[in-house]
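Thank you all for coming; I would like to walk through one structure this morning, taking the way its helices pack and then its charged pairs. Please keep the sequence and the model open while I talk.

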Amino acid sequence: MRTDYLFTSESVSEGHPDKVADQISDAIVDLFLSKDPEARIACETLTTTQLVVLAGEIRCKGVYENGAWAPGAQDEIERTVRETVKRIGYEQDGFHWEKLEFINRLHGQSAHIAQGVDAADNKDEGAGDQGIMFGYATDETPDLMPATLYYSHKILERMAADRHSGAAPFLEPDAKSQVTLRYEGSLPVAATAVVVSTQHAPGYDEGEKEAELHAYVKRVVAEVIPPVLLRETTYYINPTGSFEIGGPDGDAGLTGRKIIVDTYGGAAPHGGGAFSGKDPTKVDRSAAYITRYLAKNVVAAGLATRCTIQIAYAIGVSEPLSLYVDTHDTGTVGDDKIEAAIKGIAKLGGLTPRAIRTHLGLNKPIYQPTAAYGHFGRKADGDYFPWERLDLVDDLKAAFA
């Protein structure tokens, strides 16, 4: 196994056009789940210059039933969209929360999909789609995430906080980051390159103002990445020059186009399914969450320093088709034994879609905060990010006692 190499991950800010779309889609998921915990939602969002379009399929008691919207429902959807854009901070000529055109093309869920997913008679609830999902954990960081992605997210989170607080008034919402680390013995030892491109106020692309922006970015990086890693770093800050036109005005955004940013920054496989805009019966979302939960607990239990877990489903079928564990030659026990231990934990309910939703408490309006700065490596807080809990560690340890 190769242990010395360079590796890179990127992140994008909450104001990136694709992330604007993700946050709108998940705001709609939260709205519907707040009305009906059993709602079915597949909401796609398009953003471009002064325009937001919703499309997809829904079923929600009290909101959309028998092919018709409840009184006031469409107005509440529009308010939710505009409030999301306002919270992100878009009040620009090319994209403004109050002035943008809004089009709602959501419609009822296909009855043929519903019959496969819904529980009926002696049939358990089936998976909302076929597919493969992956979870991953590594001991590189306290959050058990790849360090390249961890630092990329943290840089942009800090910049967004400074923008919202007024500490960095020259920043605008759209931004991207990228961190390259050199690994020796599978451990990060140096950040060889840091790339930050941030939308900015007029004038911050030359002279003293440009120098102020560059100095600010380097200061943020120095507060996020440990100094021991920054001894040989090359910085690329707004390398194209000006970045005044950004967000949906600069580039159209779509839900689900940042799946690597959302997961592990390329350090682990991805099954291809996006998360945002989907209710938790969609295993693209819920099974990706449970595999992260399992992998994180495996590493936290001391059974490995790296762990990848794959699970697979067929649409309308409740039992998973397969469960695969790979500890990348870092395991203290056999991978097959970890698979057996997971299958033997009764409270996981066989990892059926219903059992996943029940164990993690996913039928709640908890999704908008997931839609920027990654779905994983976040702090479990009340109902939010339950897949980051470490409450399976004792069960896994007990299996090998």
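Before the first helix pair, a word on angles: between two axes, an angle under 35 degrees counts as roughly parallel, one over 145 as roughly antiparallel, one from 65 to 115 as roughly perpendicular, and the rest as oblique. Please also bear in mind that what you see is a predicted model.

With that in hand, let us turn to α8 and α10, whose axes lie 10 Å apart and which pack at an angle of about 60 degrees. That value falls in none of the named ranges, and α8 and α10 are therefore oblique to each other. The crossing that α8 and α10 make is left-handed. On the α8 side the contact is made by Val283, Ser286, Ala287, Tyr289, Ile290 and Tyr293, while α10 contributes Pro353, Ile356, His359 and Leu360. Sorted by class, this contact of α8 with α10 has eight nonpolar residues and two polar ones, with no charged residues.

Staying with α10, which spans residues 353–360, how many of its eight residues are buried? Six of them are, so that the helix is mostly covered, and the buried ones are Pro353, Ala355, Ile356, Arg357, His359 and Leu360. These buried residues pack against α8, which we have just seen, and also against β12, residues 306–313. Just after α10 comes Gly361, which takes a positive phi of about 65 degrees.

The second helix pair is α1 with α2, the latter covering residues 73–88; here the axes come within 9 Å and cross at roughly 135 degrees. Once more the pair is classed by its angle, and α1 and α2 are therefore oblique to each other, but in this case the crossing is right-handed. From α1, the residues that take part are Val20, Gln23, Ile24, Ala27, Ile28, Leu31, Phe32 and Lys35, and they meet Glu76, Ile77, Thr80, Val81, Thr84, Val85, Arg87 and Ile88 of α2. By class, the contact of α1 with α2 has ten nonpolar, three polar and three charged residues.

That brings me to the charged pairs. As a general point, side chains of opposite charge can pair when their charged atoms come close. Searching the whole structure gives 20 salt bridges, and I will pick out a few.

Asp26 and Arg285 form a salt bridge through their side chains, with 2.9 Å from N to O. This pair links distant parts of the chain, since Asp26 sits in helix α1, residues 17–35, and Arg285 in helix α8, residues 283–300, with their positions 259 residues apart. Are the two partners buried or exposed? Asp26 counts as buried because its relative accessibility is 0%, and Arg285, also at 0%, counts as buried too.

Arg158 deserves a slower look, as it appears in two salt bridges. Its closest N and O atoms with Asp162 are 3.3 Å apart, and both residues lie in helix α4, residues 147–165, four residues apart, or about one turn of the helix. With Glu223, the closest N and O atoms are 2.3 Å apart, and this second pair links distant parts of the chain, from Arg158 in helix α4 to Glu223 in helix α5, residues 207–224, 65 residues apart. As for accessibility, Asp162 is buried, with a relative accessible area of 10%, whereas Arg158 is partly exposed at 31% and Glu223 is partly exposed at 47%. There is also a network of salt bridges that links Asp18, Arg257 and Lys258.

I will end with a single loop residue, Thr263, which lies between α7, residues 259–262, and α8. Thr263 is buried, because its relative accessible area is 6% and the cut-off for buried is under 20%. Leaving aside residues up to four places away in sequence, which residues does Thr263 touch? They are Met145, Leu149, His270, Phe275 and Phe376. Of these, Leu149 is 114 residues from Thr263 in sequence, yet their C-alpha atoms are 8.9 Å apart in space.

Definitions and conventions. Residues are numbered from 1 along each chain as its sequence is written. This is a predicted model: local features need pLDDT of at least 70, side-chain atom pairs count only at pLDDT 80 or more; totals for chains, interfaces and linings use all residues. Side-chain values use heavy atoms; hydrogens and water are left out. A salt bridge is a side-chain nitrogen of Lys or Arg within 4 Å of a carboxyl oxygen of Asp or Glu. Helices (H or I, at least four residues) and strands (E, at least two) are DSSP runs, numbered from the N terminus. Buried means under 20% relative accessible area, exposed over 50%, partly exposed in between (1.4 Å probe, protein chains only). Axes are lines fitted to C-alpha atoms, for helices over the stretch in contact, and angles run from 0 to 180 degrees between N-to-C directions. A crossing is left-handed if the near helix is turned anticlockwise from the far one by less than a right angle, and right-handed if clockwise. Contact means heavy atoms within 4.5 Å. Ala, Val, Leu, Ile, Met, Phe, Trp, Tyr, Cys and Pro count as nonpolar, Asp, Glu, Lys and Arg as charged, and the others, Gly among them, as polar.
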